[in-house]
Amino acid sequence: MKQRTWPPGPSEGSRFTSLSFSKLHDKEKRSRFSIRAATTTKSISKSSSSSPPPPTNDAGDFSMLPFDILTKIAAPLSLPNLQAASSVCRSWRDALQPLRESMLLLRWGKRFKHGRGGVKANLDKALDSFLKGAARGSTLAMVDAGLVYWEKGEKEKAVGLYRRAAELGDAVGQCNLGISYLQGQPSDPKEAMKWLKQSAENGYVRAQYQIALCLHQGRVVQTNLLEATKWYLKAAEGGYVRAMYNISLCYSVGEGLPQNRKLARRWMKRAADHGHSKAQFEHGLALFSERALLKAVMYLELAERGGETGAGHVKEVIHQQLSATSRDHAINQANNWRALPATR
């Protein structure tokens, strides 16, 4: 698969690529949120009678949590977590009903947006469903509605929805809001980094990667290679494929951290096995240099299918050194290959 980059027109010759804004909504991995309440105790007045004080609940009375606080905490939750929270008590079940309804609207919105579940694609109906879900308090629906507005060119409306989700603690909304400030005309670096950092600290790997890229390339902030590699590594360990590729390059040349060809090779292979076409090309070249020809052909074939035209030329050179049976075996391996799950 060919990786798309954001923003348009990256620096000529740079192998470090940025995040595709339009893909932010695909299979997003969101942070898990837990609901906590502080334990409360009753103080005894000096003028009270000598009768023993009433017993206290050491676990805390969660059912007494104010509705507005409860719904704010629950706004980013997925349907299974909402259902679990709704089973705590009747008051929670009633308070969270709008959010449970928003999950159904969110599901229908995705069906209309992508033409799934037996319905034809209809962006207007998708937006209507997302907005109804957003009105019921779901940050997931706010983000999806914002994405539709962004695609339609109504960026102010998109940013407004991202901000609502971000202020409710949604990591994806925070990331999208940060990128919106980066793309603004003029851009607002301070606000961009503020929201990206909040999202990154909430564990959202795309925000971690975007911060790393800004620090690495000196976009809107001063270049800081040491800090950049720290965020690359966090995103890579979290399953973000582009970060796997970039941290491999950093290890390879010793940029921002000590040169380590063993770790560079390990991260390059991980990126290749997760479907990064450039990593497949470079890993295939490394295998070729080691004379592991069958494996090299498989990775080069995958890279060529992903749009790396140079991989095809190297593959043809190797083909001349292999029998027809070996070539067919390598291509068959590529046909049966499946990328490891990743966060893109």
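## Exercises on a predicted helical chain

In this chain, 57% of the contacts with a separation of 6 or more are between residues 24 or more positions apart. The model is a predicted one, and the exercises below treat it as such.

**Exercise 1. Determine how many helices and strands the chain holds, and what percentage of its residues is buried.**

Solution. Begin with the secondary structure: the count gives 17 helices and 0 strands. Next, take the burial of the chain, which has 344 residues; 44% of them are buried.

**Exercise 2. Describe how helix α10 and helix α12 pack, and state which residues make the contact.**

Solution. Two packed helices are described by the angle between their axes and the distance between the axes. Helix α10 covers residues 205-217 and helix α12 covers residues 241-253. Their axes come within 10 Å and cross at roughly 35°. The handedness of this crossing is left-handed. On the side of α10, the contact is made by Tyr 209, Leu 213 and His 216. On the side of α12, Arg 242, Ala 243, Asn 246 and Cys 250 take part. Sorted by character, the contact residues of the two helices comprise 4 nonpolar, 2 polar and 1 charged.

**Exercise 3. Characterise the largest nonpolar core and identify the residues with the most contacts inside it.**

Solution. The core has 90 residues. Leu 196, Ile 247 and Ile 318 have the most contacts inside it. Among helices, α6 (residues 139-151) gives the most to this core, namely 9 residues. The core also draws on two domains: at least three residues come from domain 1 (65-75 + 97-169), and at least three from domain 2 (277-343). For one of the residues named above, the surroundings can be listed. Setting aside residues up to four places away in sequence, Ile 247 touches Thr 229, Tyr 232, Leu 233, Ala 236, Leu 257 and Trp 267.

**Exercise 4. Locate Arg 136 and explain why it counts as partly exposed.**

Solution. Arg 136 lies in the loop between α5 (123-135) and α6. Its relative accessibility is 33%. Partly exposed is the class between under 20% and over 50%, so Arg 136 counts as partly exposed at 33%. Now consider its surroundings. With residues up to four places away in sequence left out, Arg 136 touches Pro 98, Leu 99, Glu 101, Ser 102 and Leu 105. The C-alpha atoms of Arg 136 and Ala 75 are 9.1 Å apart, although 61 residues separate the two along the chain.

**Exercise 5. State where Val 159 lies, which class of exposure it has and which residues it is in contact with.**

Solution. Val 159 belongs to helix α7 (residues 155-167). Because its relative accessible area is 24%, Val 159 is partly exposed. Apart from neighbours within four places in sequence, Val 159 is in contact with Trp 150, Leu 177 and Ser 180. From C-alpha to C-alpha, Val 159 and Gly 173 are 9.3 Å apart, with their positions 14 residues apart in sequence.

**Exercise 6. Examine the backbone at Val 220 and Arg 291, and give the loop of each residue.**

Solution. Val 220 is not a glycine, yet it has a positive phi of about 60°. Val 220 sits in the loop between α10 and α11 (225-237). Val 220 counts as partly exposed because its relative accessibility is 36%. Arg 291, likewise a residue other than glycine, has a positive phi near 70°. The loop that holds Arg 291 runs between α14 (277-289) and α15 (293-305).

Terms used. Residues are numbered from 1 along each chain as its sequence is written. This is a predicted model: local features need pLDDT of at least 70, side-chain atom pairs count only at pLDDT 80 or more; totals for chains, interfaces and linings use all residues. Side-chain values use heavy atoms; hydrogens and water are left out. Axes are lines fitted to C-alpha atoms, for helices over the stretch in contact, and angles run from 0 to 180 degrees between N-to-C directions. Helices (H or I, at least four residues) and strands (E, at least two) are DSSP runs, numbered from the N terminus. A crossing is left-handed if the near helix is turned anticlockwise from the far one by less than a right angle, and right-handed if clockwise. Contact means heavy atoms within 4.5 Å. Ala, Val, Leu, Ile, Met, Phe, Trp, Tyr, Cys and Pro count as nonpolar, Asp, Glu, Lys and Arg as charged, and the others, Gly among them, as polar. A nonpolar core is a set of buried Ala, Val, Leu, Ile, Met, Phe, Trp, Tyr and Cys residues joined through side-chain atoms within 4.5 Å. Buried means under 20% relative accessible area, exposed over 50%, partly exposed in between (1.4 Å probe, protein chains only). Domain bounds come from an automatic or database domain assignment.
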